[in-house]
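Student: I am new to this structure and would like a close look at one part of it. Could you walk me through the place where the two chains meet, and the charged pairs around it?

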Amino acid sequence: MSLAAEAFVSQIAAAEPWPQNATLYQPLRGNQVLMLSSVPQAYLRMCGLPVRVCCRANAEYMSPSGKVPFIHVGNQVVSELGPIVQFTKAKGHSLSDGLDDVQRAEMKAYMELVNNMLLTAELYIQWCDDTTASEITRQRYSSPYSWPLNHILAYQKQWEVRRKMNAIGWAGKGLEQVYEDVSQCCQALSQRLGTQPFFFNKQPTELDALVFGHLFTILTTRLTTDELSERIKSCSNLLSFCRRIEQTYFEEDKDSQSAGSQYSRGPSLF
Amino acid sequence: MAAPMQLYCWKGDYGLPSVDIDCLTVLAYAKFAGAPLKVHKLTNPWRSPTGILPTLQTRGEGSVSQPSKIIIHLRKQKYNADYDLSAKEGADTLAFVSLLEEKLLPALIYTLWIDSKNYVDVTRRWYAENVPFPLNFVLPNRMHAQRLGRLQLVREDPALEPGEQLEQELYQEALECMTLLSQRLGSQKFFFGDSPSALDAYVFGHLAPLLKIKLPNRKLQQYLSSLENLQLFCTNILALYFPSEIQAPVHTAPTQADGGDMDHEPHKRWNQVMSVLFAMGAMLGYAILTGIITIKSAHPHLQESRHDDVDEEGEEED
(Lines give C-alpha, C1' and ligand atoms only; values in the text may rest on other atoms or scores of the structure.)
Protein backbone atom coordinates (compact mmCIF):
# COMPACT_ATOMS: atom_id res chain seq x y z
CA MET A 1 0.00 0.00 0.00
CA SER A 2 1.26 3.46 -0.79
CA LEU A 3 1.92 5.83 2.06
CA ALA A 4 -1.02 8.11 1.30
CA ALA A 5 -3.41 5.16 1.13
CA GLU A 6 -2.08 3.80 4.41
CA ALA A 7 -2.60 7.11 6.18
CA PHE A 8 -6.11 7.33 4.75
CA VAL A 9 -6.99 3.81 5.86
CA SER A 10 -5.66 4.45 9.35
CA GLN A 11 -7.77 7.55 9.63
CA ILE A 12 -10.93 5.76 8.62
CA ALA A 13 -10.07 2.77 10.77
CA ALA A 14 -9.68 4.92 13.83
CA ALA A 15 -13.19 6.20 13.43
CA GLU A 16 -15.05 2.99 14.26
CA PRO A 17 -14.56 0.24 16.82
CA TRP A 18 -14.01 -3.36 15.77
CA PRO A 19 -17.27 -4.78 14.43
CA GLN A 20 -18.61 -8.20 15.27
CA ASN A 21 -18.83 -9.46 11.73
CA ALA A 22 -15.16 -9.19 10.72
CA THR A 23 -14.28 -11.94 8.26
CA LEU A 24 -11.07 -13.60 7.22
CA TYR A 25 -10.97 -14.98 3.68
CA GLN A 26 -8.70 -17.79 2.64
CA PRO A 27 -8.57 -20.19 -0.31
CA LEU A 28 -10.33 -23.54 -0.08
CA ARG A 29 -8.75 -25.82 2.45
CA GLY A 30 -7.78 -28.72 0.24
CA ASN A 31 -6.56 -26.30 -2.35
CA GLN A 32 -3.72 -24.30 -0.92
CA VAL A 33 -0.67 -26.39 -0.16
CA LEU A 34 0.70 -24.39 2.71
CA MET A 35 -1.93 -22.13 4.13
CA LEU A 36 -0.93 -19.15 6.10
CA SER A 37 -4.31 -18.20 7.43
CA SER A 38 -3.02 -19.04 10.86
CA VAL A 39 -0.87 -15.94 10.98
CA PRO A 40 -3.47 -13.16 10.95
CA GLN A 41 -5.92 -15.43 12.78
CA ALA A 42 -3.46 -15.99 15.60
CA TYR A 43 -2.70 -12.28 15.76
CA LEU A 44 -6.35 -11.28 15.93
CA ARG A 45 -7.07 -13.87 18.58
CA MET A 46 -4.15 -12.66 20.62
CA CYS A 47 -5.62 -9.16 20.45
CA GLY A 48 -8.92 -10.63 21.57
CA LEU A 49 -10.74 -9.54 18.43
CA PRO A 50 -13.45 -11.84 17.06
CA VAL A 51 -13.17 -12.95 13.45
CA ARG A 52 -14.98 -15.50 11.28
CA VAL A 53 -13.12 -17.58 8.75
CA CYS A 54 -14.51 -18.07 5.24
CA CYS A 55 -13.06 -20.26 2.54
CA ARG A 56 -13.42 -19.06 -1.02
CA ALA A 57 -11.89 -20.44 -4.18
CA ASN A 58 -11.16 -17.01 -5.60
CA ALA A 59 -9.74 -15.52 -2.42
CA GLU A 60 -6.48 -14.69 -4.19
CA TYR A 61 -8.32 -12.52 -6.69
CA MET A 62 -10.46 -10.81 -4.06
CA SER A 63 -7.48 -9.66 -2.07
CA PRO A 64 -6.34 -6.08 -2.76
CA SER A 65 -2.68 -7.01 -3.08
CA GLY A 66 -3.11 -10.54 -4.41
CA LYS A 67 -1.93 -12.09 -1.18
CA VAL A 68 -4.03 -14.35 0.95
CA PRO A 69 -5.40 -14.42 3.55
CA PHE A 70 -7.00 -11.03 3.98
CA ILE A 71 -9.59 -9.59 6.34
CA HIS A 72 -12.80 -7.76 5.62
CA VAL A 73 -13.69 -5.41 8.44
CA GLY A 74 -16.53 -2.96 8.22
CA ASN A 75 -16.15 -1.59 4.72
CA GLN A 76 -12.40 -2.09 4.42
CA VAL A 77 -10.30 -4.92 3.06
CA VAL A 78 -6.78 -5.37 4.37
CA SER A 79 -4.26 -8.05 3.40
CA GLU A 80 -0.85 -9.09 4.68
CA LEU A 81 0.24 -9.06 8.29
CA GLY A 82 2.00 -5.68 8.22
CA PRO A 83 -1.05 -3.65 7.13
CA ILE A 84 -3.34 -5.73 9.37
CA VAL A 85 -1.17 -4.89 12.39
CA GLN A 86 -1.30 -1.20 11.50
CA PHE A 87 -5.04 -1.39 10.94
CA THR A 88 -5.71 -2.91 14.34
CA LYS A 89 -3.31 -0.41 15.90
CA ALA A 90 -5.39 2.41 14.43
CA LYS A 91 -8.43 0.87 16.07
CA GLY A 92 -6.60 0.96 19.36
CA HIS A 93 -5.50 -2.67 19.75
CA SER A 94 -1.80 -3.29 19.75
CA LEU A 95 0.40 -6.02 21.16
CA SER A 96 3.78 -4.37 20.90
CA ASP A 97 3.20 -1.15 22.83
CA GLY A 98 4.93 -2.46 25.90
CA LEU A 99 8.23 -3.01 24.15
CA ASP A 100 11.12 -0.59 24.37
CA ASP A 101 13.07 0.56 21.33
CA VAL A 102 15.73 -2.13 21.38
CA GLN A 103 13.12 -4.86 21.76
CA ARG A 104 11.06 -3.42 18.96
CA ALA A 105 14.14 -3.42 16.74
CA GLU A 106 14.72 -7.06 17.56
CA MET A 107 11.10 -7.93 16.92
CA LYS A 108 11.15 -6.32 13.49
CA ALA A 109 14.44 -8.03 12.69
CA TYR A 110 13.14 -11.47 13.65
CA MET A 111 9.97 -10.94 11.65
CA GLU A 112 12.11 -10.17 8.63
CA LEU A 113 14.14 -13.30 9.33
CA VAL A 114 11.00 -15.42 9.31
CA ASN A 115 9.76 -13.76 6.13
CA ASN A 116 13.11 -13.99 4.45
CA MET A 117 13.99 -17.56 5.32
CA LEU A 118 10.89 -19.53 6.22
CA LEU A 119 8.53 -18.03 3.68
CA THR A 120 11.03 -18.27 0.84
CA ALA A 121 11.93 -21.81 1.84
CA GLU A 122 8.25 -22.77 1.86
CA LEU A 123 7.79 -21.33 -1.62
CA TYR A 124 10.93 -23.06 -2.84
CA ILE A 125 9.90 -26.46 -1.53
CA GLN A 126 6.41 -26.17 -2.96
CA TRP A 127 7.27 -24.90 -6.42
CA CYS A 128 10.95 -25.39 -7.25
CA ASP A 129 11.38 -28.94 -6.03
CA ASP A 130 10.24 -31.10 -8.94
CA THR A 131 8.77 -34.02 -6.99
CA THR A 132 6.72 -31.87 -4.65
CA ALA A 133 5.61 -29.55 -7.43
CA SER A 134 4.37 -32.28 -9.70
CA GLU A 135 2.84 -34.59 -7.11
CA ILE A 136 1.29 -32.19 -4.67
CA THR A 137 1.46 -28.49 -5.39
CA ARG A 138 0.22 -28.30 -8.94
CA GLN A 139 -2.63 -30.72 -8.20
CA ARG A 140 -3.82 -28.80 -5.21
CA TYR A 141 -3.40 -25.40 -6.79
CA SER A 142 -5.37 -26.30 -9.88
CA SER A 143 -8.12 -28.35 -8.25
CA PRO A 144 -10.95 -25.78 -8.28
CA TYR A 145 -10.54 -25.03 -11.97
CA SER A 146 -11.54 -27.05 -15.01
CA TRP A 147 -9.29 -28.14 -17.84
CA PRO A 148 -7.38 -26.44 -19.48
CA LEU A 149 -7.36 -23.53 -17.05
CA ASN A 150 -5.98 -25.63 -14.23
CA HIS A 151 -2.85 -26.53 -16.15
CA ILE A 152 -2.27 -23.00 -17.38
CA LEU A 153 -2.66 -21.38 -13.97
CA ALA A 154 -0.52 -23.96 -12.23
CA TYR A 155 2.34 -23.66 -14.69
CA GLN A 156 2.07 -19.89 -14.72
CA LYS A 157 2.36 -19.74 -10.94
CA GLN A 158 5.29 -22.14 -10.99
CA TRP A 159 7.07 -20.08 -13.61
CA GLU A 160 6.50 -16.88 -11.61
CA VAL A 161 7.86 -18.40 -8.42
CA ARG A 162 10.90 -19.82 -10.19
CA ARG A 163 11.71 -16.44 -11.70
CA LYS A 164 11.51 -14.84 -8.28
CA MET A 165 13.79 -17.50 -6.81
CA ASN A 166 16.24 -16.80 -9.61
CA ALA A 167 16.19 -13.09 -8.88
CA ILE A 168 16.98 -13.48 -5.19
CA GLY A 169 19.64 -16.10 -5.77
CA TRP A 170 17.84 -19.14 -4.38
CA ALA A 171 17.64 -20.93 -7.72
CA GLY A 172 21.13 -22.35 -7.31
CA LYS A 173 20.36 -23.81 -3.90
CA GLY A 174 19.67 -27.50 -3.67
CA LEU A 175 16.94 -28.93 -1.49
CA GLU A 176 19.44 -29.97 1.18
CA GLN A 177 20.74 -26.42 1.38
CA VAL A 178 17.21 -25.09 1.81
CA TYR A 179 16.55 -27.58 4.63
CA GLU A 180 19.81 -26.45 6.24
CA ASP A 181 18.69 -22.82 6.03
CA VAL A 182 15.37 -23.70 7.64
CA SER A 183 17.19 -25.52 10.44
CA GLN A 184 19.41 -22.52 10.99
CA CYS A 185 16.40 -20.23 11.12
CA CYS A 186 14.62 -22.52 13.58
CA GLN A 187 17.68 -22.71 15.78
CA ALA A 188 17.93 -18.92 15.79
CA LEU A 189 14.26 -18.66 16.79
CA SER A 190 14.73 -21.37 19.38
CA GLN A 191 17.70 -19.51 20.87
CA ARG A 192 15.73 -16.30 21.03
CA LEU A 193 12.73 -17.99 22.64
CA GLY A 194 14.80 -19.85 25.21
CA THR A 195 12.60 -20.97 28.08
CA GLN A 196 10.23 -18.03 28.00
CA PRO A 197 6.54 -18.53 27.23
CA PHE A 198 6.62 -15.94 24.42
CA PHE A 199 9.37 -14.22 22.50
CA PHE A 200 9.15 -11.08 24.59
CA ASN A 201 8.50 -12.65 27.93
CA LYS A 202 4.97 -12.56 29.27
CA GLN A 203 3.01 -10.95 26.47
CA PRO A 204 2.49 -12.28 22.97
CA THR A 205 3.37 -9.97 20.09
CA GLU A 206 3.01 -10.09 16.31
CA LEU A 207 6.29 -11.99 16.17
CA ASP A 208 4.67 -14.82 18.15
CA ALA A 209 1.72 -14.82 15.76
CA LEU A 210 3.99 -14.90 12.72
CA VAL A 211 6.20 -17.70 14.03
CA PHE A 212 3.23 -19.71 15.19
CA GLY A 213 1.50 -19.32 11.84
CA HIS A 214 4.47 -20.50 9.82
CA LEU A 215 5.49 -23.35 12.08
CA PHE A 216 1.94 -24.59 12.51
CA THR A 217 1.41 -24.60 8.77
CA ILE A 218 4.61 -26.53 8.14
CA LEU A 219 3.92 -29.05 10.89
CA THR A 220 0.38 -29.82 9.83
CA THR A 221 0.70 -29.97 6.06
CA ARG A 222 1.55 -33.18 4.34
CA LEU A 223 4.42 -32.95 1.85
CA THR A 224 6.41 -35.64 0.03
CA THR A 225 8.78 -36.05 2.94
CA ASP A 226 8.63 -35.19 6.59
CA GLU A 227 12.10 -33.68 6.53
CA LEU A 228 10.88 -30.14 7.13
CA SER A 229 8.66 -30.96 10.10
CA GLU A 230 11.37 -33.19 11.56
CA ARG A 231 13.77 -30.27 11.50
CA ILE A 232 11.29 -28.10 13.36
CA LYS A 233 10.46 -30.82 15.85
CA SER A 234 14.14 -31.12 16.70
CA CYS A 235 13.79 -27.72 18.42
CA SER A 236 11.64 -28.85 21.32
CA ASN A 237 10.90 -25.43 22.73
CA LEU A 238 9.45 -24.31 19.40
CA LEU A 239 7.19 -27.35 19.34
CA SER A 240 5.89 -26.70 22.85
CA PHE A 241 5.50 -23.00 21.95
CA CYS A 242 3.20 -23.94 19.05
CA ARG A 243 1.20 -26.37 21.18
CA ARG A 244 0.79 -23.80 23.90
CA ILE A 245 -0.51 -21.12 21.54
CA GLU A 246 -2.85 -23.55 19.87
CA GLN A 247 -4.22 -24.59 23.23
CA THR A 248 -4.59 -21.07 24.53
CA TYR A 249 -6.05 -19.33 21.54
CA PHE A 250 -7.62 -21.96 19.33
CA GLU A 251 -8.97 -24.37 21.92
CA GLU A 252 -12.52 -23.06 22.01
CA ASP A 253 -13.02 -23.81 18.34
CA LYS A 254 -12.42 -27.49 18.88
CA ASP A 255 -15.59 -27.84 20.89
CA SER A 256 -17.88 -25.72 18.80
CA GLN A 257 -19.09 -27.21 15.55
CA SER A 258 -20.65 -24.02 14.16
CA ALA A 259 -20.95 -23.80 10.39
CA GLY A 260 -19.17 -20.44 10.23
CA SER A 261 -16.02 -21.66 11.85
CA GLN A 262 -13.99 -23.72 9.45
CA TYR A 263 -11.19 -24.22 11.90
CA SER A 264 -12.84 -26.97 13.89
CA ARG A 265 -12.54 -29.34 10.97
CA GLY A 266 -8.92 -28.37 10.47
CA PRO A 267 -5.72 -30.15 11.36
CA SER A 268 -4.15 -29.95 14.76
CA LEU A 269 -0.87 -30.65 16.41
CA PHE A 270 -2.29 -33.21 18.82
CA MET B 1 52.97 -22.46 4.26
CA ALA B 2 50.19 -23.04 1.81
CA ALA B 3 49.41 -20.25 -0.63
CA PRO B 4 47.13 -17.67 0.97
CA MET B 5 43.53 -17.45 -0.10
CA GLN B 6 42.88 -14.92 -2.79
CA LEU B 7 39.99 -12.51 -2.83
CA TYR B 8 38.87 -10.82 -6.00
CA CYS B 9 36.79 -7.71 -5.55
CA TRP B 10 35.85 -4.40 -7.11
CA LYS B 11 38.32 -1.57 -6.97
CA GLY B 12 37.94 1.06 -4.28
CA ASP B 13 37.20 4.75 -4.56
CA TYR B 14 35.76 7.70 -2.61
CA GLY B 15 37.85 6.72 0.39
CA LEU B 16 36.42 3.19 0.49
CA PRO B 17 38.33 -0.06 0.00
CA SER B 18 35.73 -1.12 -2.57
CA VAL B 19 32.71 0.49 -4.21
CA ASP B 20 30.56 -2.64 -4.16
CA ILE B 21 28.40 -3.47 -1.11
CA ASP B 22 29.14 -7.22 -1.07
CA CYS B 23 32.88 -6.67 -1.53
CA LEU B 24 32.95 -4.21 1.37
CA THR B 25 31.17 -6.71 3.61
CA VAL B 26 33.67 -9.46 2.81
CA LEU B 27 36.71 -7.19 3.15
CA ALA B 28 35.50 -5.90 6.50
CA TYR B 29 34.84 -9.40 7.83
CA ALA B 30 38.27 -10.59 6.69
CA LYS B 31 39.90 -7.70 8.55
CA PHE B 32 37.84 -8.35 11.67
CA ALA B 33 38.68 -12.05 11.67
CA GLY B 34 42.33 -11.44 10.86
CA ALA B 35 42.24 -13.66 7.81
CA PRO B 36 45.38 -13.40 5.67
CA LEU B 37 44.01 -12.73 2.21
CA LYS B 38 45.69 -11.67 -0.96
CA VAL B 39 43.28 -9.07 -2.29
CA HIS B 40 43.02 -8.42 -6.02
CA LYS B 41 41.26 -5.18 -6.79
CA LEU B 42 39.69 -5.57 -10.19
CA THR B 43 37.60 -3.52 -12.52
CA ASN B 44 36.74 -6.38 -14.83
CA PRO B 45 34.51 -9.07 -13.35
CA TRP B 46 35.46 -11.49 -16.11
CA ARG B 47 38.95 -11.72 -14.66
CA SER B 48 37.69 -13.33 -11.47
CA PRO B 49 37.54 -17.15 -11.38
CA THR B 50 33.75 -17.29 -11.31
CA GLY B 51 32.92 -14.21 -13.36
CA ILE B 52 31.32 -12.36 -10.47
CA LEU B 53 32.75 -10.21 -7.71
CA PRO B 54 33.41 -10.75 -4.84
CA THR B 55 34.98 -14.17 -5.21
CA LEU B 56 37.23 -16.04 -2.83
CA GLN B 57 39.63 -18.49 -4.35
CA THR B 58 40.34 -21.08 -1.72
CA ARG B 59 43.24 -23.45 -1.30
CA GLY B 60 42.13 -26.48 -3.17
CA GLU B 61 38.35 -26.23 -2.80
CA GLY B 62 37.54 -24.11 -5.79
CA SER B 63 36.00 -20.68 -5.67
CA VAL B 64 33.19 -19.33 -3.55
CA SER B 65 31.26 -16.29 -4.50
CA GLN B 66 28.43 -14.97 -2.34
CA PRO B 67 29.27 -12.97 0.80
CA SER B 68 27.43 -15.38 3.11
CA LYS B 69 29.21 -18.37 1.58
CA ILE B 70 32.57 -16.61 1.75
CA ILE B 71 32.07 -15.83 5.43
CA ILE B 72 31.06 -19.42 6.14
CA HIS B 73 34.21 -20.64 4.40
CA LEU B 74 36.42 -18.25 6.37
CA ARG B 75 34.80 -19.50 9.56
CA LYS B 76 35.58 -23.07 8.58
CA GLN B 77 39.21 -22.08 8.13
CA LYS B 78 39.15 -20.88 11.75
CA TYR B 79 38.99 -17.18 10.93
CA ASN B 80 35.92 -16.49 12.97
CA ALA B 81 34.98 -13.02 14.14
CA ASP B 82 31.88 -14.40 15.88
CA TYR B 83 33.71 -16.75 18.20
CA ASP B 84 32.87 -14.79 21.30
CA LEU B 85 29.21 -14.35 20.55
CA SER B 86 26.61 -16.15 22.60
CA ALA B 87 24.03 -18.28 20.81
CA LYS B 88 21.42 -15.58 21.26
CA GLU B 89 23.72 -12.98 19.70
CA GLY B 90 24.30 -15.33 16.80
CA ALA B 91 20.55 -15.57 16.33
CA ASP B 92 20.27 -11.78 16.50
CA THR B 93 22.94 -11.53 13.79
CA LEU B 94 20.88 -13.70 11.47
CA ALA B 95 17.77 -11.65 12.16
CA PHE B 96 19.40 -8.27 11.64
CA VAL B 97 21.09 -9.39 8.43
CA SER B 98 17.65 -10.39 7.12
CA LEU B 99 16.36 -6.97 8.12
CA LEU B 100 19.19 -5.28 6.21
CA GLU B 101 18.60 -7.33 3.08
CA GLU B 102 14.84 -6.85 3.06
CA LYS B 103 14.51 -3.20 4.04
CA LEU B 104 17.74 -1.38 3.37
CA LEU B 105 19.22 -3.09 0.34
CA PRO B 106 16.34 -2.29 -2.09
CA ALA B 107 16.61 1.41 -1.21
CA LEU B 108 20.39 1.33 -1.65
CA ILE B 109 20.11 -0.31 -5.03
CA TYR B 110 17.46 2.22 -6.00
CA THR B 111 19.53 5.20 -5.00
CA LEU B 112 22.70 3.99 -6.70
CA TRP B 113 21.37 2.28 -9.81
CA ILE B 114 17.75 3.09 -10.54
CA ASP B 115 17.35 6.75 -9.63
CA SER B 116 17.98 8.44 -12.97
CA LYS B 117 20.15 11.34 -11.88
CA ASN B 118 22.33 9.31 -9.54
CA TYR B 119 22.76 6.49 -12.03
CA VAL B 120 23.75 8.69 -14.96
CA ASP B 121 25.90 11.18 -13.07
CA VAL B 122 27.71 8.95 -10.65
CA THR B 123 27.31 5.18 -10.93
CA ARG B 124 27.34 4.73 -14.68
CA ARG B 125 30.08 7.29 -15.04
CA TRP B 126 32.29 5.52 -12.50
CA TYR B 127 31.84 2.11 -14.10
CA ALA B 128 32.24 3.48 -17.62
CA GLU B 129 35.48 5.19 -16.65
CA ASN B 130 36.97 2.35 -14.68
CA VAL B 131 35.93 -0.79 -16.51
CA PRO B 132 38.26 -1.54 -19.45
CA PHE B 133 37.29 -1.18 -23.10
CA PRO B 134 35.10 -2.61 -24.63
CA LEU B 135 33.29 -3.91 -21.55
CA ASN B 136 32.57 -0.39 -20.34
CA PHE B 137 29.90 0.05 -23.00
CA VAL B 138 28.09 -3.10 -22.04
CA LEU B 139 28.54 -3.75 -18.36
CA PRO B 140 26.93 -0.71 -16.68
CA ASN B 141 23.73 -1.08 -18.68
CA ARG B 142 23.63 -4.79 -18.03
CA MET B 143 24.07 -4.29 -14.29
CA HIS B 144 21.38 -1.62 -14.34
CA ALA B 145 18.92 -3.90 -16.17
CA GLN B 146 19.71 -6.76 -13.80
CA ARG B 147 19.03 -4.69 -10.72
CA LEU B 148 15.87 -3.14 -12.12
CA GLY B 149 14.61 -6.62 -13.03
CA ARG B 150 15.33 -7.90 -9.56
CA LEU B 151 13.50 -5.01 -7.95
CA GLN B 152 10.52 -5.59 -10.23
CA LEU B 153 10.38 -9.27 -9.32
CA VAL B 154 10.76 -8.74 -5.61
CA ARG B 155 7.99 -6.15 -5.55
CA GLU B 156 5.97 -8.28 -7.98
CA ASP B 157 5.30 -5.44 -10.33
CA PRO B 158 6.61 -6.06 -13.85
CA ALA B 159 5.90 -2.48 -14.87
CA LEU B 160 7.92 -0.91 -12.10
CA GLU B 161 9.59 2.33 -13.13
CA PRO B 162 11.68 4.75 -11.10
CA GLY B 163 9.38 7.39 -9.71
CA GLU B 164 8.43 9.58 -6.80
CA GLN B 165 6.11 7.12 -5.11
CA LEU B 166 8.40 4.10 -5.32
CA GLU B 167 11.27 6.21 -4.08
CA GLN B 168 9.28 7.40 -1.10
CA GLU B 169 8.17 3.89 -0.14
CA LEU B 170 11.65 2.44 -0.38
CA TYR B 171 13.29 5.31 1.47
CA GLN B 172 10.68 5.16 4.21
CA GLU B 173 11.44 1.49 4.82
CA ALA B 174 15.17 2.20 4.70
CA LEU B 175 14.81 5.00 7.21
CA GLU B 176 12.90 2.69 9.54
CA CYS B 177 15.60 0.05 9.17
CA MET B 178 18.40 2.52 9.82
CA THR B 179 16.58 3.89 12.87
CA LEU B 180 16.19 0.34 14.22
CA LEU B 181 19.88 -0.33 13.67
CA SER B 182 20.76 2.92 15.36
CA GLN B 183 18.60 2.00 18.35
CA ARG B 184 20.19 -1.42 18.57
CA LEU B 185 23.70 0.04 18.36
CA GLY B 186 23.02 2.69 20.98
CA SER B 187 26.26 4.19 22.19
CA GLN B 188 28.32 1.02 21.85
CA LYS B 189 31.33 0.85 19.62
CA PHE B 190 30.18 -2.28 17.82
CA PHE B 191 26.91 -4.16 17.82
CA PHE B 192 27.99 -6.82 20.30
CA GLY B 193 30.35 -5.07 22.64
CA ASP B 194 33.95 -4.10 22.02
CA SER B 195 35.02 -6.35 19.22
CA PRO B 196 33.46 -6.41 15.77
CA SER B 197 31.58 -9.37 14.34
CA ALA B 198 29.85 -10.46 11.15
CA LEU B 199 26.88 -8.18 11.76
CA ASP B 200 29.21 -5.19 11.97
CA ALA B 201 30.70 -6.25 8.62
CA TYR B 202 27.28 -6.42 6.97
CA VAL B 203 26.11 -3.08 8.38
CA PHE B 204 29.39 -1.43 7.39
CA GLY B 205 29.19 -2.89 3.88
CA HIS B 206 25.71 -1.46 3.39
CA LEU B 207 26.14 1.94 5.02
CA ALA B 208 29.67 2.93 3.99
CA PRO B 209 28.86 3.54 0.28
CA LEU B 210 25.93 5.67 1.37
CA LEU B 211 28.16 7.69 3.62
CA LYS B 212 31.04 8.23 1.26
CA ILE B 213 29.78 8.36 -2.31
CA LYS B 214 28.54 11.86 -3.06
CA LEU B 215 25.25 11.60 -4.93
CA PRO B 216 23.21 14.37 -6.60
CA ASN B 217 19.96 13.03 -5.12
CA ARG B 218 20.88 13.01 -1.46
CA LYS B 219 17.66 12.04 0.30
CA LEU B 220 18.82 8.67 1.59
CA GLN B 221 22.18 10.10 2.57
CA GLN B 222 20.44 12.82 4.55
CA TYR B 223 18.55 10.19 6.50
CA LEU B 224 21.83 8.52 7.36
CA SER B 225 23.48 11.78 8.41
CA SER B 226 20.68 12.33 10.93
CA LEU B 227 21.77 9.12 12.72
CA GLU B 228 25.06 10.11 14.25
CA ASN B 229 26.00 6.87 15.92
CA LEU B 230 25.80 4.97 12.64
CA GLN B 231 28.01 7.58 10.94
CA LEU B 232 30.52 7.33 13.76
CA PHE B 233 30.38 3.53 13.51
CA CYS B 234 31.35 3.60 9.82
CA THR B 235 34.09 6.20 10.12
CA ASN B 236 35.47 4.29 13.09
CA ILE B 237 35.77 1.07 11.13
CA LEU B 238 37.33 2.89 8.17
CA ALA B 239 39.89 4.56 10.42
CA LEU B 240 40.74 1.40 12.36
CA TYR B 241 40.75 -1.23 9.65
CA PHE B 242 41.22 0.59 6.35
CA PRO B 243 43.53 3.53 7.15
CA SER B 244 45.34 3.42 3.80
CA GLU B 245 42.16 4.09 1.86
CA ILE B 246 41.36 7.29 3.68
CA GLN B 247 44.63 8.93 2.72
CA ALA B 248 44.23 8.45 -1.00
CA PRO B 249 40.77 9.41 -2.15
CA VAL B 250 40.44 9.98 -5.87
CA HIS B 251 37.00 11.55 -6.07
CA THR B 252 36.40 14.03 -3.27
CA ALA B 253 33.65 16.65 -3.20
CA PRO B 254 35.54 19.91 -3.78
CA THR B 255 37.59 18.69 -6.71
CA GLN B 256 34.91 16.52 -8.20
CA ALA B 257 33.55 19.18 -10.51
CA ASP B 258 36.96 19.88 -12.05
CA GLY B 259 38.19 16.34 -11.66
CA GLY B 260 35.25 14.97 -13.57
CA ASP B 261 35.76 17.30 -16.48
CA MET B 262 39.49 16.75 -16.55
CA ASP B 263 39.00 13.01 -16.67
CA HIS B 264 36.52 13.43 -19.45
CA GLU B 265 38.75 15.64 -21.61
CA PRO B 266 41.04 12.97 -23.07
CA HIS B 267 38.13 10.65 -23.70
CA LYS B 268 36.04 13.41 -25.23
CA ARG B 269 38.79 14.62 -27.55
CA TRP B 270 39.60 11.08 -28.63
CA ASN B 271 35.92 10.38 -29.25
CA GLN B 272 35.56 13.53 -31.32
CA VAL B 273 38.58 12.76 -33.48
CA MET B 274 37.50 9.17 -33.99
CA SER B 275 33.96 10.12 -34.94
CA VAL B 276 35.11 12.76 -37.43
CA LEU B 277 37.53 10.31 -39.04
CA PHE B 278 34.87 7.63 -39.19
CA ALA B 279 32.35 10.00 -40.76
CA MET B 280 34.83 11.19 -43.36
CA GLY B 281 35.84 7.63 -44.18
CA ALA B 282 32.19 6.64 -44.58
CA MET B 283 31.42 9.57 -46.87
CA LEU B 284 34.50 8.90 -48.97
CA GLY B 285 33.65 5.25 -49.31
CA TYR B 286 30.10 6.06 -50.36
CA ALA B 287 31.32 8.59 -52.89
CA ILE B 288 33.74 6.14 -54.45
CA LEU B 289 31.23 3.32 -54.59
CA THR B 290 28.53 5.34 -56.29
CA GLY B 291 30.97 7.02 -58.63
CA ILE B 292 30.73 10.65 -57.58
CA ILE B 293 34.47 10.50 -57.19
CA THR B 294 36.44 8.41 -59.59
CA ILE B 295 39.79 6.86 -59.18
CA LYS B 296 41.78 7.08 -62.34
CA SER B 297 43.20 3.62 -62.84
CA ALA B 298 45.31 2.12 -65.65
CA HIS B 299 42.46 -0.05 -67.04
CA PRO B 300 40.72 1.72 -69.99
CA HIS B 301 37.48 -0.40 -69.97
CA LEU B 302 36.83 0.38 -66.34
CA GLN B 303 37.27 4.07 -67.03
CA GLU B 304 34.55 4.02 -69.70
CA SER B 305 31.89 2.50 -67.45
CA ARG B 306 32.76 4.93 -64.73
CA HIS B 307 32.39 7.89 -67.11
CA ASP B 308 28.77 6.88 -67.72
CA ASP B 309 28.07 7.05 -64.03
CA VAL B 310 29.77 10.40 -63.77
CA ASP B 311 27.55 11.83 -66.50
CA GLU B 312 24.43 10.75 -64.68
CA GLU B 313 25.61 12.20 -61.40
CA GLY B 314 27.04 15.28 -63.09
CA GLU B 315 23.61 16.93 -63.39
CA GLU B 316 23.07 16.78 -59.64
CA GLU B 317 26.39 18.35 -58.92
CA ASP B 318 25.88 21.25 -61.30
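Tutor: Here is a guided look at the contact between the chains, followed by some charged pairs.

Please keep in mind that this is a predicted model. Let us begin with the contact as a whole. Chain A brings 24 residues to it and chain B brings 25 residues. Together they bury about 2300 Å², and carbon and sulfur atoms give 65% of that area. Across this interface there are also 2 residue pairs in polar contact. On the side of chain A that touches chain B, three helices each supply at least two residues: α5 (101-128), α7 (149-167) and α8 (175-193). Of the elements on that side, α5(A) gives the most, with 11 residues. The residues of this side of chain A divide into 10 nonpolar, 5 polar and 9 charged.

Now to the charges. The count between chain A and chain B is 3 salt bridges, while the count over all chains comes to 15. One of the bridges between the chains pairs E176(B) with K108(A), at 3.7 Å from N to O. Because E176(B) lies in helix α6 (residues 164-185) of chain B and K108(A) in helix α5 of chain A, this pair joins two chains. Both ends keep some accessible surface: E176(B) is partly exposed at 35% relative accessibility, and K108(A) is partly exposed at 28%. Another salt bridge links R184(B) to E106(A), with the closest N and O atoms 3.7 Å apart.

Chain A has salt bridges within itself as well. D181(A) pairs with K173(A), their closest N and O atoms being 2.6 Å apart, and D181(A) counts as buried at 7% relative accessibility. The side chains of R231(A) and E180(A) also meet in a salt bridge, at 3.3 Å from N to O. R231(A) sits in helix α10 (residues 227-233) of chain A and E180(A) in helix α8 of chain A, so this pair ties together parts that are 51 residues apart in sequence. R231(A) is buried, with a relative accessible area of 16%, whereas E180(A) is partly exposed at 42%.

Finally, return to E106(A) and R184(B). Salt bridges that share partners join these two with R192(A), K88(B) and D92(B) into one network. As you turn the model, you can look for residues of both chains in this network.

Key
Residues are numbered from 1 along each chain as its sequence is written. Chains are lettered from A and ligands numbered from 1 in the order in which they are written. This is a predicted model: local features need pLDDT of at least 70, side-chain atom pairs count only at pLDDT 80 or more; totals for chains, interfaces and linings use all residues. Side-chain values use heavy atoms; hydrogens and water are left out. Contact means heavy atoms within 4.5 Å. Buried area is the accessible area (1.4 Å probe) that two parts lose on being put together, summed over both. A salt bridge is a side-chain nitrogen of Lys or Arg within 4 Å of a carboxyl oxygen of Asp or Glu. A polar contact is a pair of N or O atoms within 3.5 Å; within protein, one must be able to donate a hydrogen and the other to accept it, and residues adjacent in sequence count only if both atoms are side-chain atoms. Helices (H or I, at least four residues) and strands (E, at least two) are DSSP runs, numbered from the N terminus. Ala, Val, Leu, Ile, Met, Phe, Trp, Tyr, Cys and Pro count as nonpolar, Asp, Glu, Lys and Arg as charged, and the others, Gly among them, as polar. Buried means under 20% relative accessible area, exposed over 50%, partly exposed in between (1.4 Å probe, protein chains only).
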